[in-house]
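User: I would like a close look at a single part of this model, taken slowly and with its surroundings in view. Please begin with the chain as a whole and then move to the helix packing.

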Amino acid sequence: APLDKWMLQNGFSIGMPNKTQVFDDVRIDLRAHPHAYERLVELRGDNVTLIKYGNQTMKQFLTNIALEKSPYGRHMKFFRAFGNSFDEQQNFIRQVVSDYQTAAKEQVLSEFGTELDGEIATGKQNAVLLNEARESMQQ
């Protein structure tokens, strides 16, 4: 695929989302919720479109950059023309992935909220108890 080839040639890589994700400030291990994790992966790459990136999925957006199709391929030409470093280019790719990850997590929470709500509530309750314990130890 053109995107995979471009990523390898330019030294970029995009890993799978972590199995542990934070929802509503609570860390949740999605190994206990495999359908939610599968949906997160699916959404992040192929099912969430963002206006910021031309109403495209992450895969479409990055493929258009790799193929340097207008107007989205301008990003790589911009990097080359202005001598931006590899780190700056990598940070751009990371930001794109992060934006899609955030949108995918919001959708997962919307779709799997009832499944995750109990764990989120427990996590918040544990955080309150931990803070109370810390405060009482400091006194």
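What percentage of the 139 residues of the protein chain count as buried? And, with that as background, how does helix α5 pack against helices α2 and α3?

Analyst: Of the 139 residues in the protein chain, 37% count as buried. The model is a predicted one, and its pLDDT averages 84 over the protein chain, with 88% of the residues scoring at least 70. That confidence is not evenly spread, since the mean is highest in α2, at 93, and lowest in helix α4 (residues 74-81), at 57. Where pLDDT is low, the predicted coordinates should not be read in detail, and the account that follows leaves the packing of α4 aside.

The protein chain contains five helices and two strands, which follow one another along the sequence in the pattern α-β-β-α-α-α-α. Among the contacts of the protein chain with a separation of 6 or more, 59% join residues that lie 24 or more positions apart.

Two packed helices are described by the angle between their axes and the distance between the axes. For helix α3 (residues 58-66) and α5, the axes come within 10 Å and cross at roughly 160 degrees; angles over 145 degrees count as roughly antiparallel, and α3 and α5 are therefore roughly antiparallel to each other. Their crossing is right-handed. On the α3 side the contact is made by M58, F61, L62 and I65, and on the α5 side by F92, I93, V96, V97 and Y100. By class, this contact of α3 with α5 has nine nonpolar residues, with no polar and no charged ones.

Helix α3 itself is largely enclosed by the rest of the structure, because seven of its nine residues are buried. The buried residues of α3 are M58, F61, L62, T63, N64, I65 and A66, and M58, F61, L62 and I65 also belong to the contact with α5. On either side of this helix there are residues with positive phi: N55, which is not a glycine, has a phi of about 55 degrees and is placed in the loop between α2 and α3, while E68, which follows α3, has a positive phi near 55 degrees.

Within α5, V96 deserves a closer look. At 0% relative accessibility, V96 counts as buried, and, leaving aside its neighbours within four places in sequence, V96 is in contact with Y53, M58, F61 and L62. Although V96 and M58 are 38 residues apart in sequence, their C-alpha atoms are 7.5 Å apart in space.

The packing of α5 (residues 86-138) against α2 (residues 34-47) has another geometry, as their axes come within 8 Å and cross at roughly 140 degrees, and α2 and α5 are therefore oblique to each other. The crossing in which α2 passes α5 is right-handed. In this contact H35, A36, R39, L40, L43 and R44 of α2 meet V97, Y100, Q101, A104, K105, Q107, V108, E111 and F112 of α5. By class, the contact of α2 with α5 has eight nonpolar, three polar and four charged residues, whereas the contact of α3 with α5 has no polar and no charged residues. V97 and Y100 of α5 appear in the contact with α2 and also in the contact with α3.

Key: Residues numbered from 1 in each chain as written. Predicted model: local features only at pLDDT ≥ 70, side-chain atom pairs only at ≥ 80, totals over all residues. Heavy atoms only, no water. Axes fitted to C-alpha atoms, helices over the stretch in contact; angles between N-to-C directions. Helix = DSSP H or I, 4+ residues; strand = E, 2+ residues; numbered from the N terminus. Parallel < 35°, antiparallel > 145°, perpendicular 65-115°, else oblique. Left-handed = near helix turned anticlockwise from the far one by under 90°. Contact = heavy atoms within 4.5 Å. Nonpolar A, V, L, I, M, F, W, Y, C, P; charged D, E, K, R; others polar. pLDDT = per-residue confidence, 0-100. Buried < 20%, exposed > 50% of the residue type's maximum accessible area, 1.4 Å probe, protein only.
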